Structure formats: structure tokens, C-alpha cells
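Welcome, and please load the model in your viewer. We will go from one selection to the next, with a short look at what is there each time.

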Amino acid sequence: MGRMTVKKLLALKGKRRITAVTAYDYTSALLAEAVGFDVVLVGDSAAMVIHGYESTLPIGMEEMLIHARVVARVVKGPLVVADMPFLSYQTSEREAIKNAGTFMKLGVSAVKVEGGREVADLIGKMVSYGIPVMGHIGMNPQKFNIYGGFKLQGRDKDELLKDALSLQDAGVFSIVLEKVPAESAKYVSERLRIPTIGIGAGPYTDGQILVFHDILGLIPDMNLKFVRRYLNGYDLFKQALENFKRDILEGNFPSPEESYE
Ligand code: KIV
């Protein structure tokens with residue numbers, strides 16, 4: 001099938017569901033590539049699941065470039081999208097183009113920008129300079145302090161649609177709908193030419209994405225209603241490390257087979 005492109009992704013709307021996952025490092029990129037998702041997002045959720053912050057706000061371009069560089073190098077099939085972190089695009093058009101261009105030079109195929117009507121003009125400029133952009137509306141984690149937490153947004157489906165249409169007109173090739181009522185996501189998805197990718201947005205979007213660490217249960221005490229946890233990774237990894245520690249203490253590691261003559 002060859003490498004996923006923005007054009008091929010657009011063509012999937014109405015044909016089959018789009019599959020997406022986040023990745024941040026060699027291991028997650030290798031797994032995302034092996035499974036063959038359509039989209040691999042280098043999410044600014046890295047701030048939370050890799051760096052251990054409470055929100056996505058603290059992560060900057062410096063860290064995101066490190067994550068994007070490795071994912072772009074390892075992932076060959078899926079479309080690699082890099083998240084523009086907080087304050088990498090809000091301060092000026094010049095700063096936004098420069099930062100997005102820096103991601104593109106690493107080999108990612110597109111960037112993702114949070115926001116609706118307020119970023120539509122900016123996105124239009126980015127697209128006109130050859131930078132494919134994925135939109136992100138509904139609950140925008142970078143507005144966490146305005147909401148007072150990661151709260152459900154998009155109850156007013158016509159307001160959500162206005163944001164979605166402004167992004168579509170600006171030239172985005174798809175839109176992430178995060179933590180909105182399923183009915184709002186359906187209403188918007190049915191009225192767009194471009195695909196929507198949902199996270200906590202119910203079953204009617206054109207595709208679905210979840211955070212790598214949430215799927216694998218790698219973060220303890222993370223119980224989000226919209227996450228389906230396919231593995232209890234934290235407990236399994238912890239058990240394996242406990243076994244290793246016990247074997248060292250009991251003199252059972254390394255064995256003769258694990259040692260050189
Ligand atoms: O940063 C991220 O992982 C995201 C997804 C939740 C869509 O933006």
C-alpha cells in the first residue's frame with residue numbers, strides 16, 4: 001500500500017475507519033509501525049505520559065523535537081503528525097511557521113494545532129506555505145486552565161461545527177475531536193468533507209485515536225471513561241522488575257548460560 005499520505009487519508013472518509021495512535025520514542029514508534037496504523041501522532045501528551053507533568057503545558061519545542069525526530073526515523077508506513085506544543089504557534093505567525101517547518105524538516109508529514117476559529121487564519125497561512133495541518137477541537141488540553149480541568153466540551157453542536165468548518169475552509173486535512181458528546185461528534189463528522197478522528201468523542205467519528213500508554217495501561221490510577229485498556233502494563237512490568245530484583249538478591253542472576261566463559 002506504500003506510505004500513508006494526506007491525500008490517501010482524505011480518501012478514506014466514508015470508505016473505512018481511520019486508525020491512529022500516539023508514539024514518542026523508539027519502542028512506541030516500532031510497535032505503531034509493526035501494527036500498521038494509518039496515523040502516528042507525536043502528541044504533546046508526552047508532557048504527561050513521558051515527562052510526568054499534570055498537563056501538556058510544560059512541554060516545549062526542544063523536547064517535542066527529540067520525540068518527533070525518533071518517531072519520524074522509525075515509522076515508515078503510517079502518516080507521522082507532530083503536535084505543536086503550547087506557545088509554539090500562539091505568539092506569532094512567524095514563530096508558528098518556523099516551528100512547524102522545523103518539525104517538517106525532521107521528516108514528519110504534518111503538524112497538529114489545537115483550536116477552532118481563533119487559529120483558522122494562521123492555519124490557512126501554514127497550509128499555503130506547504131505545511132499540512134491536522135486540526136484539534138472540542139476539549140483542547142492546552143486550554144486546561146480556562147476549563148478548570150480536562151472537562152467535556154462541545155455540547156453546543158452548532159458552535160462545534162462552526163469551528164470545524166472554519167478549519168476545513170482553512171485547509172486542514174482532518175480534525176481531532178476530543179472529549180465531546182457522541183451526538184455532537186456525529187453532527188460535525190456528517191457535515192465535513194474531511195475525516196474526523198475521535199478521542200472520547202463516541203463511535204461516529206471517521207477514525208479513533210488513543211494515547212499509547214493508556215491503551216497499554218502503563219500509567220497507574222489512570223481511569224478515563226473513554227479509554228479502553230487492552231493490557232495492565234504497569235502491573236506486568238512491575239512484576240517482571242520485581243522478579244529481576246529478587247533473582248539478583250538470591251544469586252539466581254546471571255546463570256552460567258548468561259555468562260561468558
Ligand atoms: O497529545 C495527544 O496525544 C493528542 C491526542 C490525545 C489526540 O493530542
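Is the crossing of α8 and α9 left-handed or right-handed? Before turning anything, keep in mind that this is a predicted model.

**Stop 1: α8 and α9**

Select residues 157-170 for α8 and residues 182-190 for helix α9. Look along the pair and you will find that α8 and α9 cross in the right-handed sense. Their axes come within 9 Å, with a crossing angle of roughly 40°. An angle of this kind is neither under 35 degrees nor in the range 65 to 115, which makes α8 oblique to α9. Now show the side chains: Lys 157, Asp 158, Leu 160, Leu 161 and Ala 164 are the contact residues of α8, and Ser 184, Tyr 187 and Val 188 are those of α9. Coloured by class, the residues of this contact come out as five nonpolar, one polar and two charged.

**Stop 2: α8 and α6**

Keep α8 on screen and add α6, residues 117-128. At what angle do the axes of α6 and α8 cross? They cross at roughly 15° and come within 8 Å. The cut-off for roughly parallel is an angle under 35 degrees, so α6 counts as roughly parallel to α8. This crossing is right-handed. On the α6 side, select Arg 117, Val 119, Ala 120, Ile 123, Gly 124 and Val 127. Facing them from α8 are Glu 159, Lys 162, Asp 163, Ser 166, Leu 167 and Ala 170. By class, the contact of α6 with α8 holds six nonpolar, two polar and four charged residues.

**Stop 3: α6 and α5**

Hide α8, keep α6, and bring in helix α5 at residues 93-106. The two axes come within 10 Å and cross at roughly 45°, which makes α5 oblique to α6. The crossing of this pair is right-handed. Which residues meet here? From α5 they are Glu 93, Ala 96, Ile 97 and Ala 100, and from α6 they are Leu 122, Lys 125 and Met 126. The residues of this contact are five nonpolar, no polar and two charged.

**Stop 4: the barrel**

Switch to a cartoon view and select the strands. They form a closed barrel of eight, in the order β1-β2-β3-β4-β5-β6-β7-β8, and the pairing is parallel. From one strand to the next, the twist averages 25°. Zoom in on β4, residues 110-114, and β5, residues 133-138: these strands run parallel and are joined by four bridges. One residue to label is Glu 114, whose bridge partner in β5 is His 136. Bring α6 back and you will see this helix pack on the sheet, touching β4 and β5. The direction of α6 makes about 170° with that of β4.

**Stop 5: Phe 144**

Next, select Phe 144 in helix α7, residues 144-147. Which residues does Phe 144 contact, apart from its neighbours within four places in sequence? They are Ser 55, Gly 149 and Phe 150. Add Leu 57 too: Phe 144 and Leu 57 are 87 residues apart in sequence, yet their C-alpha atoms are 8.6 Å apart in space.

**Stop 6: the two domains**

Finally, zoom out and colour domain 1 (6-230) and domain 2 (232-261). The centres of domain 1 and domain 2, taken over C-alpha atoms, are separated by 38 Å. Five residues from domain 1 and four residues from domain 2 take part in the contact.

Methods:
Residues are numbered from 1 along each chain as its sequence is written. This is a predicted model: local features need pLDDT of at least 70, side-chain atom pairs count only at pLDDT 80 or more; totals for chains, interfaces and linings use all residues. Side-chain values use heavy atoms; hydrogens and water are left out. Two strands pair if DSSP finds at least two bridges between them. Helices (H or I, at least four residues) and strands (E, at least two) are DSSP runs, numbered from the N terminus. Axes are lines fitted to C-alpha atoms, for helices over the stretch in contact, and angles run from 0 to 180 degrees between N-to-C directions. Contact means heavy atoms within 4.5 Å. Angles under 35 degrees count as roughly parallel, over 145 as roughly antiparallel, 65 to 115 as roughly perpendicular and the rest as oblique. A crossing is left-handed if the near helix is turned anticlockwise from the far one by less than a right angle, and right-handed if clockwise. Ala, Val, Leu, Ile, Met, Phe, Trp, Tyr, Cys and Pro count as nonpolar, Asp, Glu, Lys and Arg as charged, and the others, Gly among them, as polar. Domain bounds come from an automatic or database domain assignment.
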